[in-house]
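Me: Please take a close look at one part of this structure for me: the packing of its helices and the cavities. I would like the contacts and the linings treated together.

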Amino acid sequence: MLTPLQIKKLSHFFNILDFDKNGSIESDDFEAIGENLAIIRDIDLDTPDYEVIMGMTKGIWNKLVPYVENEQGTQQQWLQFMTVLLDPKNLDSYKKYLHNFVTTLFKLFDINDDGYISQTEYIDLFIGMRIEVRFAPKAFRNLDTNQDGRLSAEELIKSVDQFMRSDNPNAAGNWLFGGWEESKV
């Protein structure tokens, strides 16, 4: 069962994924996110790099399809998907999801391929997903736990895990996608 804090954070994430703001997530939302990311990375249409980005964002959608009805996912269905994913009985599945999620984030945002996400690359995530950019510096500072000016895979795994599972309102990972406290449930 999700806690009220988890519901608030995961609802915030749902609202980010609902790119067209129509109250449901569908394939078109993930396509729009992919297109935005390609623009930010200055990748032309019909190139192999464009197809890679679109494949990754469509792959995220494809993992959700079994949990939605009529190719549209409501917020309630999203929260049900997350309830199943975060159930302690599904720890192995959750760890795979976490690893795949972080790997995808790195593939999408580690532009210079140095194994870290810089603050500039992190801001690109906010721009690409249309998250209020004003939250990016605070979020980055919170996630950069060793304060070296970049996010490692380990820091991002810890942050995503805190965002998904923590019931501590002060957990640094809560800031993964910006101002979750202001999100409507």
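Reply: Happy to help; I will go through the helix pairs and the cavities in turn.

This is a predicted model, in which local features need pLDDT of at least 70 and side-chain atom pairs count only at pLDDT 80 or more, whereas totals for chains, interfaces and linings use all residues. Residues are numbered from 1 along each chain as its sequence is written, and side-chain values use heavy atoms, with hydrogens and water left out.

Let's start with α5, which spans residues 91–109; a helix here is a DSSP run (H or I, at least four residues), numbered from the N terminus. The axis of α5 comes within 10 Å of the axis of α8 (residues 153–165), and the two cross at roughly 125°. Axes are lines fitted to C-alpha atoms, for helices over the stretch in contact, and angles run from 0 to 180 degrees between N-to-C directions. The pair α5 and α8 is therefore oblique: under 35 degrees counts as roughly parallel, over 145 as roughly antiparallel, 65 to 115 as roughly perpendicular, and the rest as oblique. Their crossing is right-handed, that is, the near helix is turned clockwise from the far one by less than a right angle, anticlockwise being left-handed. On the α5 side, Leu91, Tyr94, Tyr97, Leu98, Phe101, Val102, Leu105 and Phe106 are in contact (heavy atoms within 4.5 Å). Their partners in α8 are Ala153, Leu156, Ile157, Val160, Asp161, Met164 and Arg165. This contact of α5 with α8 has 13 nonpolar, no polar and 2 charged residues; Ala, Val, Leu, Ile, Met, Phe, Trp, Tyr, Cys and Pro count as nonpolar, Asp, Glu, Lys and Arg as charged, and the others, Gly among them, as polar.

α5 also packs on α3 (48–64). Those axes come within 10 Å and cross at roughly 160°, so α3 and α5 are roughly antiparallel, with a left-handed crossing. Ile53, Met56, Ile60 and Lys63 of α3 meet Asn100, Thr104, Lys107 and Leu108 of α5. By class, that makes 4 nonpolar, 2 polar and 2 charged residues.

Phe101 of α5 and Ile60 of α3 turn up again at the largest cavity, where they are among the residues nearest its centre, along with Phe13, Leu17 and Met129. A cavity is a set of points on a 1 Å grid over the protein atoms alone where a 1.4 Å probe fits but cannot get out, and lining residues have an atom within 4 Å of a point. The largest has a volume of about 170 Å³, the volume being the space filled by probe spheres set on the points, which are joined across faces, edges and corners. Its lining numbers 17 residues, with 15 nonpolar, 2 polar and no charged. α5 gives the most, 6 residues, while α1 (4–17), α2 (27–40) and α3 each supply at least two.

Phe13 and Leu17 also belong to the contact of α1 with α4, together with Gln6, Ile7, Leu10, Ser11 and Phe14. α1 and α4 pack at about 125°, with axes 10 Å apart. Across from α1 are Gln75, Trp78, Leu79, Met82 and Leu86 of α4.

Trp78 recurs in the lining of the second largest cavity, about 40 Å³ in volume, beside residues including Ile25, Leu64, Gln77 and Phe81. α4 (residues 75–86) gives the most to that lining, with 3 residues.

Definitions and conventions: 1 Å grid on protein atoms, 1.4 Å probe; cavity = no way out; pocket = protein on both sides within 12 Å on 5 of 7 lines; lining within 4 Å.
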